[in-house]
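Thanks, everyone, for making the time this morning. I would like to walk you through one structure, so please have the sequence and the coordinates open as I talk.

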Amino acid sequence: MKDRFKLFSMALCACAFAACNDNEGVDGPGDGDKSPVQYVVMSATSDGTANYLQLASDPTKGTIDPTEANGRISFDASNPDFVNYNNELLIGMNYPSQGGTGGYSYAWKLIDGQLVQHGNGIMLDGDVKARGFFNDYLLGLSDQAEDNNHYTRVKYVKVTEFSSVVVDGKINCQDHSKEPASQMGNEAWGVGDIAQYGDYVLLAYTTKHLVQDGNYTSKAASTRAKASYGTDLDNNFYLGVYKFDPTDADKEYLKYQSMIVRKSEDHPGKESGQIKGNSRSRTETGIEVVGDKIYLFCQGGKNFQTNSLRVPSAVLRISGSNIQSGKPVDIDSDYYVDLNDKTGDRYLWRCYYLGDNKFCLQLFTNPGMDGYTEGTHKTFGIFDVETQNYTPVTGMPEAGDINDIALAYASDTDKGTVTFELMTTSGAVLYTINRNGVATPGTKVEAEVIKGASLLKQK
């Protein structure tokens, strides 16, 4: 990476900043077990002053106590978010939210069965809404507006080095003289999910209303893009195809190539909608690559207009002749799944790949109800994209006994499992769901606030 793109790079001494071992060299959770496969359990204090990372080689048993300093790693973050790179690196993304102050972001890996910081601490300089990986780059996008110009801010980090971050990329989202905005009427767009397919980066577009903003006195600068529960066009599916160029002199690191559009009005009875993301704004599911096929998990829901069409959660596919010279060009006409029909009229929130063509679906709890109120997505099921069979998950606590399900999750496609950290009415606990649709409670966590779980395998 060229020096002029290195906006921040600084080596950290042991405990010079906030990510450090509380008690170096003393046995604690994970310290007595040097397993090359470890689950990382993240928790925090209720006042937000501290975040902790602890290890458990077996998520099905035992207890983790974050108040025990031995073997614990502290992560000083006011608004932490965690993302996993190929089960090799755990990245703790730290950025401000709603005007707050962000701190350093860090990455960790396993060495001798223990968490060790990888690379340096970096400053992300603002929020990240959608994120995904392209080769060994972590790409982060967030919606921004300056005057009347709505755009997507592009950041990237080379994760194998984790020594610097580029934060100054831009994609214009409301130039209606050219694609993609030209196909979206009078609306702008943001990004719901990012995924890599071969040499291309795929962006799931989410449409946004253009509204008058009273903060601007200039008539020419009075229109901005506003996120909302739905928009006039959110019953249409839009997918952008890009090339990634980290050295672009114009800072257009994501280069637009083409887009794929599927309008629900052209498919009566087989409506699909958009990949919108989740209620906490951070997204990493929806565009799912399985071998040489691309599956598109669209959340659906009711759009902005009163009494307008309510589209189901649906699964689409891109494969075969609709991928030309490695480039996705169209949606398969012979593949469509209405997930509401499969799941007892429950809308999709997120999905997690388990291997063997099976996904764990996290669904909104109440039948027929979508929406973005926290704590409502407590129902799980297993969906096979090949057979299109759906199996409800058994063994999870009753929805009324679950206070929260942390965003960060541990996925092991070799074993066909996904592990979540739940805050239940009786305390925090790890639950593991397998491909057969059976959930099993495991490690108890004596935590005030849960941040999730992740899986690392020593390379």
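I will go through some strands and sheets, then a buried glutamine, then the nonpolar cores and the aromatic pairs.

Before that, a word on conventions: this is a predicted model, in which local features need pLDDT of at least 70 and side-chain atom pairs count only at pLDDT 80 or more, while totals for chains, interfaces and linings use all residues. Residues are numbered from 1 along each chain as its sequence is written, and side-chain values use heavy atoms, with hydrogens and water left out.

Let me begin with strand β8, residues 105-111, where five of the seven residues are buried, so the strand is largely enclosed by the rest of the structure. Strands here are DSSP runs of E with at least two residues, numbered from the N terminus, and buried means under 20% relative accessible area, with exposed over 50% and partly exposed in between, using a 1.4 Å probe and protein chains only. Strand β7, residues 89-94, pairs with β8 in the antiparallel sense over three bridges, where pairing requires that DSSP finds at least two bridges between the strands. Within that pairing, leucine 90 has tryptophan 108 of β8 as its bridge partner. On to strand β9, residues 114-122, which pairs with β8 in the antiparallel sense over six bridges, and there leucine 110 is partnered with leucine 115. β8 and β9 form a hairpin with two residues between them, and aspartate 112 in the turn has a positive phi of about 55°.

Further along the chain, four strands form an open antiparallel sheet in the order β27-β28-β29-β30. Its edge strands, each pairing on one side only, are β27 (348-355) and β30 (390-392). Six bridges join β28, residues 358-363, to the antiparallel β29, residues 379-384, and lysine 358 stands opposite aspartate 384 in β29.

How buried or exposed is glutamine 362, which lies in strand β28? Glutamine 362 is buried, with a relative accessible area of 1%, and its side chain makes a polar contact of 2.5 Å with the side chain of tyrosine 352. By polar contact I mean a pair of N or O atoms within 3.5 Å; within protein, one must be able to donate a hydrogen and the other to accept it, and residues adjacent in sequence count only if both atoms are side-chain atoms.

Turning to the nonpolar cores, these are sets of buried Ala, Val, Leu, Ile, Met, Phe, Trp, Tyr and Cys residues joined through side-chain atoms within 4.5 Å. Of the 25 residues in the largest one, Trp189, Val201, Leu203, Phe244 and Leu254 touch the most other members. A second, separate core of 21 residues includes Phe364, Ile382, Ile405 and Ile433.

Finally, a search of the whole structure finds 20 aromatic pairs, meaning rings of Phe, Tyr and Trp (its six-membered ring) with centres within 6.5 Å, where planes under 30 degrees apart count as stacked, over 60 as edge-to-face and the rest as tilted. Tyrosine 104 and tyrosine 106 form a tilted pair, 6.3 Å centre to centre with 45° between the planes. Tyrosine 104 is buried at a relative accessible area of 19%, and tyrosine 106 also counts as buried, at 1%. Ring pairs link Phe75, Phe82, Tyr104, Tyr106 and Trp108 into a cluster.
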